[in-house]
Amino acid sequence: HYAADTRPGGCIIGCGDDPRVVAAGSAAGRDLVTYGTGEGLDVTGMHIRLDGSGSTFDARLAGREIRDLRVTLLGGHNVLNALAVVALAERLGIGEDVLRRALAAAGSVKRRMEKKGEVGGVSVYDDYGHHPTEIAATLGAARLLNEGRGHLVVVFQPHRYSRTKHLMGEFAGCFDAADHVVRQEGNQPLPFAVDHQHVVRAGLQHVSHLPERLPRHMHHLAT
């Protein structure tokens, strides 16, 4: 529906790594500009180097390469977001120097891997990701940030019971990067029986359930 609302003469910039995006964009009857890490795309990310402070990558497009583009955002999902910007810049005729500066200056938005503080060597981040795909991407970035520093503890609060129910299978695997998962009751009480082991993969042994609000359980997390 959204793709079909693109004005005549406009274009759709979509992730070519996702066949559903390609199908929706192709069906809209507009120019489709694809980006991603696969072959045969309009903009392809290559030589991706992820580290604890950001990501560096090369982009191949229109018969040329732009090398060593840098974003100070964590995770492979932000490389894909940056590739979308590269595709947009190419479409609008924005020069490489401007593109480099824009990517390097891009900052995170509120509640997306937002650092809230650090106490006793423990860093606390807040992220609003509530869909399994978002959670997996965020935890992949957190694992990079946390590499060599200790355990990665995740406190997960289901946002809506309907999403939790319908995406239970996807939720079961999206916490694999965590060392310990704590499930807190959501804003809406779940109207169906969900054991906390159902929300995370059964093979993940370190799982806790907090039936009440978080602050009174901070001592539990600290240990």
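Two strands count as paired here if DSSP finds at least two bridges between them. Helices (H or I, at least four residues) and strands (E, at least two) are DSSP runs, numbered from the N terminus. The views below come from a predicted model, in which local features need pLDDT of at least 70 and side-chain atom pairs count only at pLDDT 80 or more, while totals for chains, interfaces and linings use all residues. Residues are numbered from 1 along each chain as its sequence is written, and side-chain values use heavy atoms, with hydrogens and water left out.

**Figure 1. The whole protein has eight helices and ten strands.** Let's start with the overall picture. Of the 223 residues, 35% are buried, a word that means under 20% relative accessible area, with exposed meaning over 50% and partly exposed in between (1.4 Å probe, protein chains only). The accessible surface comes to about 12,900 Å², and carbon and sulfur atoms hold 54% of that area. Such areas come from the Shrake-Rupley method with a 1.4 Å probe; for residues, only the protein chains shown count as cover. Among contacts with a separation of 6 or more, 50% link residues 24 or more positions apart; a contact means heavy atoms within 4.5 Å.

**Figure 2. Strands β8 and β9 run parallel.** Here β8 (residues 153–156) is joined to β9 (residues 180–184) by four bridges. One partnership to look for is that of Val155 with Val182 in β9. The side chains of β8 alternate: Val154 and Phe156 point to one face and are buried, whereas Val153 and Val155 point to the other and are not.

**Figure 3. The largest nonpolar core has 19 residues.** A nonpolar core is a set of buried Ala, Val, Leu, Ile, Met, Phe, Trp, Tyr and Cys residues joined through side-chain atoms within 4.5 Å. In this one, the members that touch the most others are Val43, Phe57, Ala59, Leu69, Leu83, Val86 and Leu103. Two or more residues each come from β2 (31–36), β4 (54–61), β5 (64–71), α2 (76–92) and α3 (96–105), and α2 gives the largest share, seven residues. Zooming in on Ala59, and leaving aside neighbours within four places in sequence, you will find contacts with Val43, Thr44, Arg64, Glu65, Ile66, Leu69, Leu83 and Val86. A second, separate core of twelve residues includes Ile135, Ala142, Leu167 and Val181. As background, nonpolar side chains in soluble globular proteins tend to be buried together.

**Figure 4. Helix α2 is covered by strands and a helix, including β1 and α3.** With 17 residues, α2 reaches 25 Å from its first C-alpha to its last, close to the expected 24 Å; the expected span of a helix is 1.5 Å times one less than its number of residues. Its buried residues are Asn78, Val79, Ala82, Leu83, Ala84, Val86, Ala87 and Ala89. Their cover includes β1 (11–15), β2, β3 (43–51), β4, β5 and α3. Glu90 also sits in α2, and Glu90 is partly exposed because its relative accessibility is 35%. Not counting residues up to four places away in sequence, Glu90 touches Leu61, Ala62 and Arg64. The C-alpha atoms of Glu90 and Leu61 are separated by 8.5 Å, although the two residues are 29 apart along the chain. Just after the helix, Gly93 takes a positive phi of about 75 degrees.

**Figure 5. Helix α4 spans residues 132–146.** The ends of this helix agree with its length: 15 residues should span 21 Å, and its end C-alpha atoms are 20 Å apart. Buried along α4 are Pro132, Ile135, Thr138, Leu139, Ala141, Ala142, Leu145 and Asn146. Their cover includes α2, β7 (122–126), β8 and α6 (168–171).

**Figure 6. Strands β6 and β7 form a hairpin.** Five bridges join β6 (residues 114–119) and β7 in the antiparallel sense, with Glu118 opposite Ser123 in β7. Two residues lie between the strands, and Gly120 in the turn has a positive phi of about 60 degrees.

**Figure 7. His47 and Ala62 both have a positive phi.** Most residues other than glycine have a negative phi. For His47, in strand β3, phi is about 50 degrees; for Ala62, in the loop between β4 and β5, phi is near 45 degrees. His47 is exposed because its relative accessible area is 52%, and Ala62 is exposed because its relative accessibility is 60%.

**Figure 8. Cys15 and Cys174 are both buried.** The relative accessible area is 14% for Cys15 and 5% for Cys174. The structure holds zero disulfides, a disulfide being a pair of cysteine sulfur atoms within 2.5 Å.
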